[in-house]
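Here are my notes for anyone opening this structure for the first time. Have the sequence and the 3D view side by side as you read.

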Amino acid sequence: GDLGPFNPGLPVEVPVWLAINLKQRQKCRLIPPEWMDVEKLEEIRDQERKEDTFTPMPSPYYMELTKLLLNYASDNIPKADEIRTLVKDTWDTRMAKLRLSADSFVRQQEAHAKLDNLTLMEINTIGTFLTQALDHMYKLRTNLQPSGSAESQDF
Amino acid sequence: LLAIPVDKVVKLYRRETWDNQVDLSDTSITQPLNVVVWSPCGQYLAAGSVNGSIVVWKVETQECIERMKHEKSYSICGLAWHPRYEQIAYTDTEGNLGLWEDIGDGKKPNDKVASAVTKDYEDLFDGDDDDYLNGDMIEPPSSPNTGANEDHGGDDDLMPTSGHPRRAVIDDDDNSLDIGMIKANSNLLEKEEEDDDDQIGGFPALPTSSTQQPFYDGPRPTPRQKPFQSGSTPVHLMHRFMVWNSVGIIRCYNDEQDNAIDIEFHDTSIHHATHLPNSLNHTMADLSTEAILLACESTEELASKLHCIYFSSWDANKEWTVDMPKDEDIEAICLGQGWAACATSALLVRLFTVGGVQKEIFCLPGPVVAMAGHGEQLMVIYHRGTGFDGDQCLGVQLMELGKKKKQILHGDPLSLTKKSYLVWVGFSAEGTPCYVDSEGIVRMLNRGLGNTWIPVCNTREHCKGKSDHYWVVGIHENPQQLRCIPCKGARFPPTLPRPAVAILSFTLPYCQVTTEKGQMEEQYWRSVVFHNYVDYLSKNGYELDENVKSQPVKEQQELLMKLFALSCKLEREFRCVELADLMTQNVVNLAIKYASRSRRLNLAQRLSEMAVEKASELATALEDEEEEEDFRTHLNAGLGKTGTPPDKEVSSNKKDPLVPSANVLDTMSKYSKKTSSSRAANKQSSPVIKPLIPKPKSKQASAASFFQVRTPGSSEKRVGEREEKARNEPPEVQVTAQDNAENKRPKTGFQMWLEENRANILTDNPDLNEAEVIKEGMSRFRILSSEERMVWTEKAKGGAVTDLTEDKKRKRPTAAEDEGKKNEEHKSEDSNVSKKKKPLDQATNVRLSSFAFKQS
């Protein structure tokens with residue numbers, strides 16, 4: 001799409017890749033998103049700890065954004081270290097919940113599970129493993145049952 | 001005798017024997033008594049109680065002779081008899097001092113002492129918090145009182161003999177007065193330290209127990225705000241912004257160790273960032289794309305200086321400094337295009353070129369508050385008087401310092417919101433003056449309405465918190481942006497962390513902006529106001545993109561059309577006509593079509609009438625211009641004997657002086673009204689047509705125009721036309737139809753006559769060229785009697801409506817009168833005029849004819 005107009009001294013919205021690129025070339029200053037603020041992140045973290053299910057996150061890409069911004073533009077973000085810690089805490093809490101939920105899913109051999117408010121990053125973190133594991137389990141299970149057409153040798 | 005207050009009675013003891021001689025009591029005493037005082041004469045005893053009542057007994061008779069109740073029932077903590085008069089002074093635990101003039105006279109709580117005190121602080125006009133003041137002033141007097149009494153041990157006051165009270169009273173009075181004075185003085189000092197904090201023009205209420213003295217009750221003057229630089233944070237801060245505008249940011253770091261200035265440009269292509277040591281302690285700065293201006297006030301050793309770093313200079317020397325005369329301090333500075341200005345404490349504004357040459361000086365009517373510069377404009381805001389009740393009284397002077405120096409605003413009062421002061425002053429990026437007050441209202445100069453000010457934004461509306469403010473750094477009209485920094489809980493942002501600029505949009509405070517109509521009206525007028533700069537810039541010789549000019553017009557006409565449609569829907573046809581008045585010709589046509597399509601024929605008819613009027617007005621206006629132009633050109637060119645080329649050149653030359661020669665003529669001529677361009681086109685086409693060689697059409701047209709068009713004495717014609725219009729309301733369209741008809745008529749009487757008699761003329765004067773032939777023909781035609789002329793005209797018309805001939809008759813005499821003057825000019829003028837007039841008329845005529853046919 002179109003970007004701009006670029007006026008010196010005025011903030012303008014650009015795609016993240018462009019922002020990072022310009023920042024690396026020292027041509028701009030990055031302004032942190034509204035939610036990247038110590039108080040707000042503390043609230044989010046506390047809420048996540050309280051709830052058993054997943055709480056909505058300020059941005060579906062909070063993990064990615066945090067990583068990028070803190071790596072390349074930490075000088076433009078006030079209290080960058082605290083923010084790093086807070087986001088990491090939130091991430092850890094969510095991962096723990098995910099593992100628990102996956103564990104219970106497998107144990108109880110449920111067919112369906114619905115997980116709200118997951119971000120893509122989290123999904124992908126355990127997604128592959130989970131689906132492959134389930135696949136294996138399915139195969140093992142089917143192999144347990146004596147079947148007529150046992151010629152099929154699949155493992 | 002010793003008197004001791006015990007609970008609700010006063011016990012009198014003989015001093016020698018410690019016998020309780022007698023108890024004094026009274027039914028009115030409901031609360032324990034805590035203070036007792038003997039009168040100086042020893043006859044009376046006064047006691048004060050916890051609930052504020054004071055009782056006086058005559059000791060011998062043990063009867064209560066007086067009672068008094070404190071109005072607010074504060075507990076009395078001190079009593080004192082006046083040494084000579086029958087008065088008791090009392091203080092209460094709230095710090096009030098009261099005087100009871102009594103004993104026999106009845107309660108008259110007249111606070112003489114307090115009034116002296118109040119007089120002191122009446123002089124302190126700047127309303128402070130009353131209680132604070134009162135408490136301060138009054139408490140000390142009470143404390144010595146209580147002190148004196150309590151020396152004797154609190155409640156169990158061993159009330160002194162007559163001698164003691166007297167002394168106490170004297171002391172206390174003295175003390176109270178002294179301390180009152182001291183307090184008054186200290187309050188005065190405190191007040192002077194106050195800055196531009198909000199003033200509460202409060203009226204200090206006096207202690208309740210007291211005074212009926214008349215005191216000043218009217219408006220209190222507000223302290224004048226101090227001079228400041230727009231876009232700067234207060235001077236006392238260690239890290240502050242000296243200026244933040246659309247060009248860049250200048251910061252000043254001033255701690256104990258060192259004083260430095262940091263300059264940064266938004267657009268680093270103008271100049272790289274610089275860091276300067278601030279040895280001279282500059283406190284004021286301004287920044288433009290050409291230079292940096294710094295200024296400091298004078299100290300004991302050094303005079304006030306103005307320092308300029310002119311980085312756009314192409315020579316080696318890039319800075320200069322100038323000292324002000326002794327005892328003159330710079331109070332405000334600003335930069336413009338190629339010049340700098342500073343306002344000093346001697347009520348002078350000094351202008352300098354950006355290279356350092358001193359230019360003009362002028363006086364200000366009052367102490368300066370702020371200055372701003374842009375291009376050739378300088379705006380100075382100063383105190384033109386003293387404001388009252390929290391208002392400031394400011395005046396604004398707007399000057400243009402270009403080739404033609406003039407003053408646009410001559411010290412007009414600057415309107416600020418009530419109880420507010422000026423916070424920012426500057427120009428928009430396009431050069432329109434604006435200012436912001438402490439209530440967050442941004443006002444802009446509306447050049448389209450005679451240089452009045454119009455509020456364009458209320459930043460408080462956008463504030464989330466109550467103590468949030470927006471700190472303005474820039475204003476742009478195209479696109480409409482208010483650049484400012486949101487500050488939480490403060491009026492200005494801190495230097496670190498680096499604040500982010502936000503953009504707010506403008507809204508004019510029109511009524512009912514929640515409705516569609518209100519919204520569109522607001523948009524329309526906002527578009528008009530924010531595009532005034534287009535006219536202003538072009539008048540001042542700046543090039544402007546065609547797009548920039550046409551786009552707002554398009555926008556506005558669209559809005560008008562929408563409003564028109566809305567009013568139609570609402571059956572407000574009268575309003576529709578009014579709206580159509582604001583539209584351009586094309587849009588009026590659209591409106592007419594819309595009206596007729598929605599079967600509002602009455603409306604359509606009215607609109608068409610209005611359009612016709614407008615068109616003819618426009619035509620007359622155009623013709624006026626043209627005629628004036630031509631008249632001048634022809635006067636200068638001499639008689640129009642020669643062909644057009646010289647005329648054209650002359651007239652095109654003539655055009656130029658009308659246009660500021662500062663810049664590219666092409667764009668200017670493009671911009672100036674269509675008429676001139678069309679005229680130019682006409683002129684160009686005319687040699688092709690060879691205007692002086694008679695062509696039937698042109699001849700006829702010229703004759704027709706000769707008859708109907710005004711002469712250099714154009715007013716007559718216009719009057720004539722207007723009169724006709726006024727006279728013939730219904731035939732208004734007929735008149736235009738007639739115009740129409742006349743123009744379209746293939747031949748006029750003269751035309752035909754000329755054709756027939758051309759041969760004659762030529763035989764008479766064989767060496768005349770065409771122009772002269774026509775001249776001769778005209779003069780001869782004039783000589784003809786009017787009947788004969790009519791004959792010819794009738795012939796030409798072939799028996800049209802008699803009205804037309806009548807009109808022609810009416811016109812002809814007027815034309816005849818004018819004929820007497822400057823015939824030759826007429827002729828050549830006519831031919832040219834006709835050339836020009838024709839295409840225009842054609843256009844309007846087509847439209848007019850369509851209306852005319854509608855009529856019939």
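1. A word on vocabulary before anything else: helices and strands here are DSSP runs, of at least four residues for a helix and at least two for a strand, numbered from the N terminus. With that in hand, find V513(B): this residue is in the loop that runs between strand 33 (502-504) and helix 4 (516-530) of chain B. Keep in mind throughout that you're looking at a predicted model.

2. Is V513(B) buried or partly exposed? The relative accessible area of V513(B) is 35%, and a residue is called buried only under 20% and exposed only over 50%, so V513(B) is partly exposed. V513(B) also belongs to a nonpolar patch on the surface, together with Y510(B), W525(B) and L582(B). Taken together, the four residues have about 320 Å² of accessible area.

3. Now zoom out to chain B as a whole. Chain B has 856 residues, and 51% of them are buried. Its secondary structure comes to 20 helices and 33 strands. The chain exposes about 40,300 Å², with 53% of that coming from carbon and sulfur atoms. If you take the contacts in chain B with a separation of 6 or more, 51% are between residues 24 or more positions apart.

4. Chain A is built from helices: 5 of them, with 0 strands. Reading along its sequence gives the pattern α-α-α-α-α. Of its 155 residues, 28% count as buried, and the chain exposes about 11,000 Å², 53% of it supplied by carbon and sulfur atoms. For contacts in chain A with a separation of 6 or more, the share between residues 24 or more positions apart is 67%.

5. How do the two chains meet? On the chain B side 8 residues are in contact, and on the chain A side 7. About 700 Å² is buried between the chains, and carbon and sulfur atoms give 62% of that area. The rule finds 0 salt bridges across this interface. It also finds 0 residue pairs in polar contact there, counting pairs with both residues at pLDDT 80 or more.

6. On to charged pairs. Side chains of opposite charge can pair when their charged atoms come close. Over all chains, the structure holds 27 salt bridges. One of them is in chain A, where E48(A) and R94(A) bring their closest N and O atoms to 3.1 Å apart. E48(A) sits in helix 2 (residues 38-50) and R94(A) in helix 4 (residues 80-107), so this salt bridge ties together parts that are 46 residues apart in sequence. Where would you look for the pair, among buried or exposed residues? E48(A) is buried, with a relative accessible area of 0%, and R94(A) is likewise buried at 0%.

7. Over in chain B, E264(B) is worth a click, as it takes part in a salt bridge with R251(B), the closest N and O atoms being 2.7 Å apart. That pair links strand 13 (residues 259-265), which holds E264(B), to strand 12 (residues 248-254), which holds R251(B); the two residues are 13 apart. Both E264(B) and R251(B) are buried. E264(B) forms a salt bridge with R498(B) as well, again with 2.7 Å between the closest N and O atoms. Here the link is from strand 13 to the loop between strand 32 (481-487) and strand 33, with the residues 234 apart. E264(B) counts as buried at 18% relative accessibility, while R498(B), at 24%, counts as partly exposed.

8. Last stop: E290(B), in the loop between strand 15 (284-287) and strand 16 (292-296) of chain B. What does its side chain reach? The side chain of E290(B) comes to 2.8 Å from the backbone nitrogen of G338(B). Those two residues are 48 apart along the chain, yet their C-alpha atoms are separated by 7.6 Å. Setting aside neighbours within four places in sequence, E290(B) has contacts that include I309(B), F311(B), G336(B) and V354(B). At 13% relative accessibility, E290(B) counts as buried.

Technical notes
Residues are numbered from 1 along each chain as its sequence is written. Chains are lettered from A and ligands numbered from 1 in the order in which they are written. This is a predicted model: local features need pLDDT of at least 70, side-chain atom pairs count only at pLDDT 80 or more; totals for chains, interfaces and linings use all residues. Side-chain values use heavy atoms; hydrogens and water are left out. Patches are made of residues with over 30% relative accessible area and no salt bridge: like charges are joined within 9 Å, nonpolar side chains (Val, Leu, Ile, Met, Phe, Trp, Tyr) within 5 Å. Accessible areas come from the Shrake-Rupley method with a 1.4 Å probe; for residues, only the protein chains shown count as cover. A salt bridge is a side-chain nitrogen of Lys or Arg within 4 Å of a carboxyl oxygen of Asp or Glu. Buried means under 20% relative accessible area, exposed over 50%, partly exposed in between (1.4 Å probe, protein chains only). Contact means heavy atoms within 4.5 Å. Buried area is the accessible area (1.4 Å probe) that two parts lose on being put together, summed over both. A polar contact is a pair of N or O atoms within 3.5 Å; within protein, one must be able to donate a hydrogen and the other to accept it, and residues adjacent in sequence count only if both atoms are side-chain atoms.
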